[in-house]
There are 2 protein chains.
Amino acid sequence: MADIAALLSEVVGPANVITGEAMPDDYGHDEALTVAPRLPEAVVRPQSAQEVSRVIRVAAELGVPLTARGSGTGLSGACVPRPGGVVVSFERMNRIAEIDTANHVAVVQPGVTLENLDAATAAHGLVYPVFPGESSASLGGNVATNAGGMRAVKYGVTRHQVLGVEAVLGTGEVIRCGGKFVKATTGYDLTQLIVGSEGTLALVTEAILRLYPRRPHAATVLAPYATLDGATAAVPEVVASGIGPLIVEYIDLVTMGALVANSGMDLGVAPAVKERTVAYLVIVLEDRRADRLDEDVEELAVMLSERGALDVYVLPSHSGAQLIEAREKAFWAAKAAGANDIIDMVVPRASIPGYMAEVGALASRSGSLVVGCGHAGDGNVHLSVFQGDPTTRDALIHDIFAAGMALGGAISGEHGIGTEKKRYVAELEDPAKLALMRRIKDAFDPHGVLNPGTIFD
Amino acid sequence: MADIAALLSEVVGPANVITGEAMPDDYGHDEALTVAPRLPEAVVRPQSAQEVSRVIRVAAELGVPLTARGSGTGLSGACVPRPGGVVVSFERMNRIAEIDTANHVAVVQPGVTLENLDAATAAHGLVYPVFPGESSASLGGNVATNAGGMRAVKYGVTRHQVLGVEAVLGTGEVIRCGGKFVKATTGYDLTQLIVGSEGTLALVTEAILRLYPRRPHAATVLAPYATLDGATAAVPEVVASGIGPLIVEYIDLVTMGALVANSGMDLGVAPAVKERTVAYLVIVLEDRRADRLDEDVEELAVMLSERGALDVYVLPSHSGAQLIEAREKAFWAAKAAGANDIIDMVVPRASIPGYMAEVGALASRSGSLVVGCGHAGDGNVHLSVFQGDPTTRDALIHDIFAAGMALGGAISGEHGIGTEKKRYVAELEDPAKLALMRRIKDAFDPHGVLNPGTIFD
């Protein structure tokens with residue numbers, strides 16, 4: 001291992017290789033609740049695609065596994081290094097190369113954070129519309145996990161914003177795919193294959209991201225329901241209306257209680273209504289014109305009232321922002337409450353009511369508590385699993401995933417598989433697809449140095 | 001070859017294998033202007049994924065290349081069979097399995113045509129928003145070529161609508177990827193890799209497509225300009241306004257003349273304006289509310305007037321529809337006018353003015369005529385090349401592609417590479433990317449039976 005540190009120092013300079021006592025604990029974990037931290041043998045901090053390429057060649061030569069790391073805010077263990085491995089940290093590659101206002105794109109290095117990009121785009125009246133709830137997250141990490149968040153119902157997820165990448169293959173070759181355009185049929189779409197591959201196919205060293213006009217007006221509507229079914233059943237109609245909501249979330253009673261307690265917010269729900277409430281629907285609309293926003297809010301409120309909401313509250317802008325911020329921090333509320341694991345199954349959105357009923361039955365049968373909230377417009381349910389016994393919990397989560405897959409869903413909507421969910425993928429996914437994915441990995445990374453053991457073994 | 005016909009007959013029944021004299025000429029070509037027709041040894045017409053799987057296994061066993069065919073409306077030669085090859089025609093797999101109104105998706109077999117899907121979705125107030133200009137095209141062909149069309153500036157192209165597929169690999173294995181949801185991070189996105197792969201990775205036997213609320217109100221705005229630059233330079237501002245246009249097209253003088261002549265339409269442009277016009281911008285807005293549409297049309301008209309349009313015409317709905325239909329048929333107008341080839345380079349949309357100037361210079365230097373129209377909002381320029389000498393034309397097209405790639409563009413925005421553009425890909429693309437694409441093809445199709453020689457040799 002002295003060898004590899006020395007060789008990496010030749011590539012990036014000794015100041016950018018961290019080993020031994022000097023290594024901060026942060027490099028050994030992300031935010032997954034179940035991950036066992038593990039420090040790497042070395043951390044290397046390249047500052048260009050060429051340096052990344054040379055790092056990969058060194059690792060391939062010595063057979064040392066590399067794990068890419070952005071801000072370390074992931075929830076699946078994907079940036080925890082392999083035993084004896086090296087972490088490639090993109091903290092020095094944090095430059096916004098360009099905000100191209102004519103083409104509505106940003107060109108960023110992987111270490112740029114969402115909050116920095118948001119500030120840079122705001123200055124031009126533009127927005128990068130992916131808000132996964134953690135603004136210190138890096139764009140590189142977002143691309144690797146295909147990060148989502150609440151606004152996906154309107155704008156889509158990271159995948160839909162990544163128009164092109166510069167990336168380094170496991171061979172050390174640097175390629176550029178895509179570009180400042182939304183369409184191309186010129187060979188296979190390598191960009192889309194790299195997005196969401198959790199650092200196992202290539203290391204992204206630059207991304208071309210789609211930007212949109214920033215809408216100046218937004219309003220938050222809160223609707224309590226007497227049943228979770230009632231809340232989620234209203235969603236297809238809201239989407240079908242053509243109002244085009246920015247955010248459509250459901251929050252169950254327990255989770256809303258935790259959010260309110262954590263943030264100290266007062267949403268103004270009348271006590272008599274609160275008593276009967278089991279779940280909330282939170283809908284945010286945005287518009288470039290205040291008058292149209294007001295009209296649409298009115299239309300939405302009528303629609304919800306007529307379709308089973310106990311009441312409808314158009315929140316004052318301060319409370320609305322507080323609620324959305326609290327919802328973004330739901331993971332921390334779940335963690336503080338002692339959740340043992342969190343999952344983010346995706347199912348067809350119209351299947352949410354039936355799916356949640358099944359999840360409730362599975363939870364009670366196993367003597368566990370499963371509560372949550374989710375992106376109701378996308379069918380992406382975020383569940384906090386409270387079950388201290390690992391074997392019981394493992395069986396329960398397996399069954400929760402299996403039930404969702406039986407409805408045509410997928411195990412993770414936006415967190416990714418990482419190391420923490422791969423056993424469920426191995427158990428539940430089609431072996432032919434897994435074998436194909438392994439062959440694709442070999443095509444990108446013939447020496448197996450890029451984050452081996454993530455997604456699948 | 002008697003062998004393979006007999007073996008295929010065992011799979012699909014003798015009535016669904018066509019050989020020899022009985023074979024219609026249609027199976028030997030698509031609509032590419034430069035393609036040399038070639039009839040296959042046999043046409044096989046499966047009716048299920050299982051039959052497709054067995055067809056592929058037979059072909060792999062005998063080493064016979066297979067070429068998938070939908071409606072044969074492609075423009076790149078991708079469905080012309082290889083010498084001694086077999087065409088897999090999806091004409092019998094033309095069932096719309098489901099219009100799921102709650103999840104806003106359609107589930108279709110590959111042989112379904114766009115016009116049939118449009119009729120089926122219209123009945124529910126929904127729309128599949130890809131209109132590549134040829135409504136007899138099949139969804140399978142659209143998925144294979146990642147078909148685009150005029151509405152991509154608002155809705156994106158086929159890739160953005162395909163949420164999942166059932167597909168048969170070159171191994172004969174049937175896989176299902178994606179589902180009725182817009183987001184997932186559960187392994188590699190095989191769906192997006194298969195979309196646009198021109199039948200070389202897998203044969204799609206079912207697709208899950210995203211639907212949208214159908215907007216009842218639309219208006220067409222026509223703005224003549226004294227220069228092509230003037231027309232295309234207005235586009236970024238229109239997009240930045242947030243009006244969200246459905247269609248943003250430019251049409252040059254020669255092409256508009258051909259469209260008008262072909263269709264007999266009268267757009268009502270004043271003679272004094274027409275005399276000074278070199279290019280037109282055509283913008284269509286749509287809305288769920290008539291009042292908002294009117295307001296936005298007014299705002300757009302003012303914007304265009306103030307930014308160099310010679311005049312602005314809000315077309316009566318009949319003329320608007322005629323113009324859009326004529327634009328959709330621009331390929332046929334080019335063909336009727338004797339164009340020797342057509343290309344559909346994509347460049348960053350703000351680069352269109354500079355790119356078109358360069359194309360003009362290249363054309364005049366080579367003594368050729370290059371005219372066209374294009375999806376100005378997407379940077380996708382459709383050029384008709386008039387140059388009878390194949391060597392001169394080949395060199396010119398090479399240079400036109402090279403100039404666009406120097407601007408960060410791609411060789412085809414939506415037609416695909418097929419057999420007819422692959423030599424330019426071989427000359428101009430990064431060899432590392434081509435080698436990677438070949439390894440990916442091997443991962444899907446280890447025996448090389450799926451449309452070999454398409455995209456690359």
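Student: How far apart, N to O, are the side chains of Arg292(A) and Asp296(B) in their salt bridge?

Tutor: In this predicted model, a salt bridge needs a side-chain nitrogen of Lys or Arg within 4 Å of a carboxyl oxygen of Asp or Glu. Arg292(A) and Asp296(B) meet that rule with their side chains, and the N to O distance is 2.8 Å.

Student: How many salt bridges does the rule find across the interface of chain B and chain A?

Tutor: The pair Arg292(A) and Asp296(B) meets in a salt bridge, and the rule can be applied to the whole interface of the two chains. Across the interface of chain B and chain A, the number of salt bridges that the rule finds is 16.

Student: Which helix gives the most residues to the side of chain B that touches chain A?

Tutor: Across this interface the rule finds 39 residue pairs in polar contact, both residues being at pLDDT 80 or more. Several elements of chain B each supply at least two residues to the side that touches chain A, including helix H12 (290-306), strand S9 (174-178) and helix H18 (431-444). The element that gives the most, with 9 residues, is H18(B).

Student: How many residues of the side of chain B that touches chain A are charged?

Tutor: The residues on that side of chain B divide into three classes, with 36 counted as nonpolar and 24 as polar. The charged residues there number 23.

Student: What area do chain B and chain A bury between them?

Tutor: The size of an interface is often given as the accessible area lost when the parts come together. Here the contact takes 83 residues from chain B and 83 residues from chain A. Lys183(B), Thr185(B) and Tyr188(B) supply 15% of the area that chain B buries against chain A, more than any other three residues. Of the area buried between the two chains, 56% is on carbon and sulfur atoms, and the total is about 6,400 Å².

Student: Is Ala339(A) buried or exposed?

Tutor: Ala339(A) is found in the loop between helix H14 (330-336) and strand S16 (341-343) of chain A, where the residues it touches include Leu33(A), Ser384(A) and Phe386(A). Because its relative accessible area is 10%, and the cut-off is under 20%, Ala339(A) counts as buried.

Student: Is Gly367(B), by contrast, buried or exposed?

Tutor: Gly367(B) has its place in the loop between helix H15 (352-365) and strand S17 (369-375) of chain B. Since its relative accessibility is 59%, and the cut-off is over 50%, Gly367(B) counts as exposed.

Key
Residues are numbered from 1 along each chain as its sequence is written. Chains are lettered from A and ligands numbered from 1 in the order in which they are written. This is a predicted model: local features need pLDDT of at least 70, side-chain atom pairs count only at pLDDT 80 or more; totals for chains, interfaces and linings use all residues. Side-chain values use heavy atoms; hydrogens and water are left out. Helices (H or I, at least four residues) and strands (E, at least two) are DSSP runs, numbered from the N terminus. Buried means under 20% relative accessible area, exposed over 50%, partly exposed in between (1.4 Å probe, protein chains only). Contact means heavy atoms within 4.5 Å. Buried area is the accessible area (1.4 Å probe) that two parts lose on being put together, summed over both. A polar contact is a pair of N or O atoms within 3.5 Å; within protein, one must be able to donate a hydrogen and the other to accept it, and residues adjacent in sequence count only if both atoms are side-chain atoms. Ala, Val, Leu, Ile, Met, Phe, Trp, Tyr, Cys and Pro count as nonpolar, Asp, Glu, Lys and Arg as charged, and the others, Gly among them, as polar. Lists of a residue's contacts leave out its neighbours within four places in sequence.
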